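Me: I would like to check how the labels on a model are earned. Shall we go through them together?

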Amino acid sequence: MQRGGCTAMRFAILRNLQSRASSISRLLLLSLLSLLLTACAQNQPAQVVGPPPVGDVQLNVATQTPSEERLLNIGVQVFDTRATDAQLTQAGAAIFAEIRRIETHYLPVVLRNTLVSSNQWGVVRVLPETDPSVDLLIQGTILRSDGANLSLLVRATDSSGKEWLNKTYVDTAGVVDYPDFVPSLRDRTTTNLEDPFQDLHAQIANDLLAVRESMDAQALLALAQLTQIKYAGDLSPEAFGSLLQPDAQGLLTLQRLPATNDPLLEHVAQIRARHHVFIDTIDEYYDALHHDLKPTYDVWRQYSHDQVVEEEESAASAAGSTLSGSGSFEALSQNYNRYKWAKIFEQEFVALASGFVSETAPAVLKLSENVNGLTGPVEEQYAQWRVLLRELFEVETAGLSQ
Amino acid sequence: MTLRSPTSLIATRRASPLRIGIALLLLLLGSRGFAADEPSRPINPVRPNFAGSWEKDFSRSDKWEAELQRTIDQLNRDMQRQGGDAGSYNMSGSRRRAGNVIANARLAELISRQTLMRITQTGGEVRIERQGDAALICSTANNVDDTFNSPHGTEYCGWDRQQLVFEIMLAEGVIIEHRFSLDTDGQTISMLTSVYDRNSTPFNLITFFNRYEAPPDGFNCVQTLSRGQVCSAADAQP
């Protein structure tokens with residue numbers, strides 16, 4: 001039975017109770033209502049059991065810079081989000097959807113920073129879209145995010161299409177992950193707190209590293225070459241498209257390498273360098289957004305954590321509640337007050353969420369400021385830039401390809 | 001004289017066995033039955049606009065002690081009638097219902113003490129703010145849905161014809177219903193509060209609110225996370 005259907009039936013029964021029934025039939029109808037409510041409750045979606053939390057994770061940091069072929073370039077695409085039915089119908093759903101949208105920009109930067117601090121990789125950038133110039137692309141979907149829980153579905157594929165990771169990561173944060181006080185936005189010493197879900201990001205970085213370490217130097221060099229040709233093919237499918245073909249597993253493989261003195265390749269390298277300057281700029285925008293959001297987001301997450309803890313305690317107290325004199329005014333008023341305060345607490349939480357959105361709005365708006373004279377949201381600017389580069393490549397190589 | 005809403009009058013009307021049978025049959029038939037239960041009526045897209053500031057009209061509002069006395073008198077009459085018909089078992093059942101109705105009456109009084117309400121209403125939401133209690137918020141765009149759900153209770157809301165209804169089912173099965181109606185000239189709201197459970201006779205209390213012009217607060221406020229409400233002086237009216 002659908003949830004809305006249960007609600008409508010409930011209303012209809014209550015309407016019958018009020019408009020039609022005598023005291024005897026009222027009892028019968030209420031019995032039916034109880035049965036219906038039980039049935040409806042049993043039809044609520046079951047809690048999805050996910051993987052266990054990652055626990056305490058030590059980031060694998062390279063003490064010396066790895067050899068050149070190991071320094072793969074990584075793109076972390078802005079995350080996706082998957083809202084549950086409960087989230088879509090909860091109080092303040094639009095506000096929480098906006099917070100989730102902000103998180104899709106914020107969390108990739110935390111992962112990017114973790115990968116950078118591991119000192120194991122080449123350039124790591126946050127990108128608005130998939131990008132053919134990176135060796136490894138990381139995509140994530142936020143399954144759950146609040147102050148106490150973070151669950152991400154992470155998929156990492158290299159430029160050949162080989163899947164490195166496709167896994168759900170779960171982490172939980174407790175009281176020890178937050179300061180004893182709500183950090184002040186004015187006190188700079190408290191604005192650099194470690195992310196409470198740092199273990200999750202460290203686990204992703206370590207898992208990626210494990211895959212890379214399973215590959216030999218030759219395979220890594222071949223991957224870097226494949227990325228170059230893939231980018232060239234993206235600029236000019238006519239000139240380079242035939243160099244890459246999918247194998248039996250659907251993975252792109254190099255059929256042959258172009259001549260090292262091919263003048264078109266030189267132009268590809270120049271265009272690629274310009275492209276990297278552009279995506280570096282975009283990455284800086286995301287980094288600035290993260291920097292601007294972090295103090296407020298830290299405060300928000302701490303409130304969110306408190307709210308989750310309060311909910312859990314509230315549920316526990318309701319389950320363990322054994323009021324004496326059930327049906328008495330004291331018992332009724334105590335029940336009502338518990339209900340009232342739970343509701344007031346939630347309404348205040350929605351107000352805080354609204355405060356978070358309005359406080360971070362200027363930073364989010366800044367992300368869509370013009371980059372290099374392009375206009376529109378950053379995703380559109382990225383698409384415009386790709387078109388521009390293709391046209392530039394065509395103009396520059398018009399004489400060469402004839 | 002206290003004015004009764006049509007709904008509360010219907011609630012006290014005795015139903016014939018035939019009507020009870022029809023209601024039960026419709027319940028068992030499921031959602032199609034419910035559609036048939038309601039007489040077809042033209043869809044009225046215009047909802048009453050509750051927006052504004054409202055203050056309690058003490059002279060017209062029910063006095064809970066008087067309502068309680070009236071309900072107990074009614075129960076006594078029922079008890080005497082049943083006592084003649086069915087003996088002591090029903091007597092004790094009626095006494096139990098009488099005991100519950102006192103608790104329900106006191107709860108109804110407790111939750112309808114507010115003397116001021118501020119209501120904002122948009123196309124998709126009605127928000128009723130009351131001093132000392134949680135706001136009643138109904139997202140009317142979704143018709144009927146739960147607006148709040150916690151281990152201590154669940155709240156539903158929706159339109160029932162031209163009335164805005166909030167139903168709160170507390171954890172132990174007590175149901176609280178607030179039914180808001182606007183009079184035809186838009187100057188008075190009646191709030192019918194009913195408290196009942198499966199063992200008790202509903203206790204109904206009507207509170208009337210009159211519209212008043214609240215002075216403008218003179219500030220534009222934005223909620224922030226770090227600094228709470230940040231307000232600036234509103235532009236002076238020309």
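Me: Let's begin with a pair of residues: which residue is the bridge partner of E55(B) in β10(B)?

Reply: Happy to help! In β10(B), E55(B) has N210(B) as its bridge partner. Before we go on, this is a predicted model, where local features need pLDDT of at least 70, side-chain atom pairs count only at pLDDT 80 or more, and totals for chains, interfaces and linings use all residues. Residues are numbered from 1 along each chain as its sequence is written, while chains are lettered from A and ligands numbered from 1 in the order in which they are written.

Me: What makes β1(B) and β10(B) a pair?

Reply: Two strands pair if DSSP finds at least two bridges between them. Four bridges join β1(B) to β10(B), residues 203-212, and the two run antiparallel, so they pass that cut-off. Another of the bridge partners in β10(B) is Y212(B), which sits opposite S53(B).

Me: What does β1(B) pair with besides β10(B)?

Reply: β1(B), residues 52-56, also pairs with β2(B), residues 116-121, over four bridges in the antiparallel sense. Here E55(B) meets L116(B) as its bridge partner. By strand I mean a DSSP run of E at least two residues long, and by helix a run of H or I of at least four, both numbered from the N terminus. Chain B has five helices and twelve strands.

Me: How do you know that β9(B) and β10(B) pair?

Reply: DSSP gives eight bridges between β9(B), residues 188-196, and β10(B), in the antiparallel sense. One of the bridge pairs is M191(B) with T207(B). The two strands form a hairpin, with six residues between them.

Me: Why is β10(B) called mostly covered?

Reply: A residue is buried if 20 or more other C-beta atoms, placed from the backbone, lie within 10 Å of its own, exposed if 12 or fewer, and partly exposed in between. Seven of the ten residues in β10(B) are buried. Across the 238 residues of chain B, buried residues make up 32%.

Me: Why is R161(B) called exposed?

Reply: R161(B) has 12 C-beta neighbours inside 10 Å, so it counts as exposed. R161(B) lies in the loop between β6 and β7 of chain B, and its phi is positive, about 55 degrees, although it is not a glycine.

Me: And what makes N119(A) partly exposed?

Reply: N119(A) has 15 such neighbours, so it counts as partly exposed. This residue lies in the loop between α4 and β3 of chain A, and its phi is near 60 degrees, a positive value in a residue other than glycine.

Me: Which residues touch the most other members of the largest nonpolar core?

Reply: They are I74(A), L136(A) and I138(A), in a core of 55 residues. A nonpolar core is a set of buried Ala, Val, Leu, Ile, Met, Phe, Trp, Tyr and Cys residues joined through C-beta atoms within 7 Å. Apart from that core lies another, of 43 residues, including L107(B) and C157(B).

Me: How confident is the predictor about chain A?

Reply: Chain A averages a pLDDT (the predictor's confidence in each residue, from 0 to 100) of 80, and 77% of its residues score at least 70. Over residues 1-48 of chain A, the pLDDT is below 50.

Key:
Contact = placed C-beta atoms within 7 Å.
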